[in-house]
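I opened the notebook to look up a few things in this structure. These are my entries, in the order I made them.

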Amino acid sequence: MSELVIYFSRSGENYFGGVLKNIEKGNTEVIAEYIQELKGADLFKVETVIDYPADYMECIDVAKKEKTVAARPKIKKTLKSIADYDTVYIGFPNWWGTLPMAMFTQLEELDFTGKTVKPFVTHEGSGFGSAIKDLEKLCSGAEIKPGLSIPGADVYDAKDKVALWVRD
Ligand SMILES: Cc1cc2nc3c(=O)[nH]c(=O)nc-3n(C[C@H](O)[C@H](O)[C@H](O)COP(=O)(O)O)c2cc1C
């Protein structure tokens, strides 16, 4: 059966080892595309109706408020079923210690019973934070395999690491 990558990723201003840079493609998207290339997986990008600010500090504030109120931001397209897939890669940046709230909006719509989930995160030092615990709830009924954690600044050097991880 085929494989799917569900991911969220934000372009714009971001921190790389303490330095602000503007990027056209988000870090998590780089990893998602490696998996597409290595495994022939389909890609589904979770995108919010209201874009997050490109300005890093503004985005930090918006995301913090969303997390505080457990918001479920509206997304442009909702994936309704993963029945065609047995393995689902779930990728996201660590936002305030867990997945961006928009991933909750999407993942809560899906039935993960019997699926294999392979999570991956990009981050600036916190790894998965509490995301695996949150994924256990969001993907109830799935087997969650060991995740892959990559610092945002390293994504363009991470293809070999991704290739090893997708093989397991
Ligand atoms: C709103 C926001 C919150 C973040 N919170 C954390 C955090 O709690 N821990 C961490 O290590 N990195 C944090 N980061 C850094 C991102 O996880 C990191 O830059 C990631 O690679 C961004 O991925 P993307 O380009 O795919 O969106 C945060 C970034 C943003 C924009």
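**Entry 1: strands side by side**

I began with β1 and β5, which pair in the parallel sense over 6 bridges. For my own reference, strands (E, at least two residues) and helices (H or I, at least four) are DSSP runs, numbered from the N terminus. Two strands pair if DSSP finds at least two bridges between them. The model is predicted: local features need pLDDT of at least 70, side-chain atom pairs count only at pLDDT 80 or more, and totals for chains, interfaces and linings use all residues. Residues are numbered from 1 along each chain as its sequence is written.

I looked for one bridge and found Tyr-7, whose partner in β5 is Gly-91. Next I checked the pairing of β5 with β6, which is parallel over 7 bridges. There Thr-87 stands opposite Thr-116 in β6. I then followed the chain from β5 through α3 to β6, and this β-α-β crossover is right-handed. Right-handed has a set meaning: with the strands pointing away from the viewer, the path from the first strand over the helix to the second runs clockwise.

How many of the residues of β5 are buried? I noted 7 of its 9, so the strand is mostly covered, where buried means 20 or more other C-beta atoms within 10 Å of a residue's own, exposed means 12 or fewer, and partly exposed lies in between, with C-beta atoms placed from the backbone.

**Entry 2: β8**

I moved on to β6 and β8, which pair in the parallel sense over 4 bridges. His-123 stands opposite Pro-151 in β8. Along β8 I saw the side chains alternate. Leu-148 and Ile-150 point to one face and are buried. Ser-149 and Pro-151 point to the other face and are not buried.

**Entry 3: two helices**

I looked up the span of α1. This helix has 13 residues and reaches 19 Å from its first C-alpha to its last, close to the 18 Å expected at 1.5 Å a residue. The expected span is 1.5 Å times one less than the number of residues. α2 also has 13 residues, and its reach is 18 Å, close to the 18 Å expected.

Which residues of α1 are buried? I listed Asn-27, Thr-28, Glu-29, Val-30, Ile-31, Ala-32, Tyr-34 and Ile-35. Their cover includes β1, β4, β5, β6, β8 and α5. Just after α1, Gly-40 takes a positive phi of about 70°.

**Entry 4: positive phi outside glycine**

Most residues other than glycine have a negative phi. I found Ala-70 with a positive phi of about 50°, although it is not a glycine. Ala-70 follows α2, in the loop between α2 and β5. Is Ala-70 buried or exposed? Ala-70 counts as exposed because it has 8 C-beta neighbours inside 10 Å.

Trp-96 is another residue other than glycine with a positive phi, near 50°. I placed Trp-96 in the loop between β5 and α3. Trp-96 is partly exposed, because 16 other C-beta atoms lie within 10 Å.

**Entry 5: around the ligand**

Which residues come nearest the ligand? Of the 22 around it, these are Gly-26, Thr-28, Pro-93, Thr-122 and Gly-152. The elements that give two or more residues to this shell are β2, α1, α2 and β6. A residue is near the molecule if its C-beta atom, placed from the backbone, lies within 6 Å of it.

I sorted the shell into 7 nonpolar, 12 polar and 3 charged residues. In this sorting Ala, Val, Leu, Ile, Met, Phe, Trp, Tyr, Cys and Pro count as nonpolar, Asp, Glu, Lys and Arg as charged, and the others, Gly among them, as polar.

**Entry 6: two single residues**

I picked Gln-106, in helix α3. Gln-106 is buried because 23 other C-beta atoms lie within 10 Å. Leaving out residues up to four places away in sequence, Gln-106 touches Ile-6, Val-46, Ile-75, Thr-78 and Leu-79. Contact means C-beta atoms, placed from the backbone, within 7 Å. Gln-106 and Glu-47 are 59 residues apart in sequence and 9.7 Å apart in space, C-alpha to C-alpha.

Last came Gly-127, in the loop between β6 and α4. Gly-127 is partly exposed, because it has 15 other C-beta atoms within 10 Å. Gly-127 touches Val-121 and Ser-149, not counting residues up to four places away in sequence. The C-alpha atoms of Gly-127 and Asn-94 are separated by 7.0 Å, and the two residues are 33 apart along the chain.

Methods
Two residues are in contact if their C-beta atoms, placed from the backbone, lie within 7 Å.
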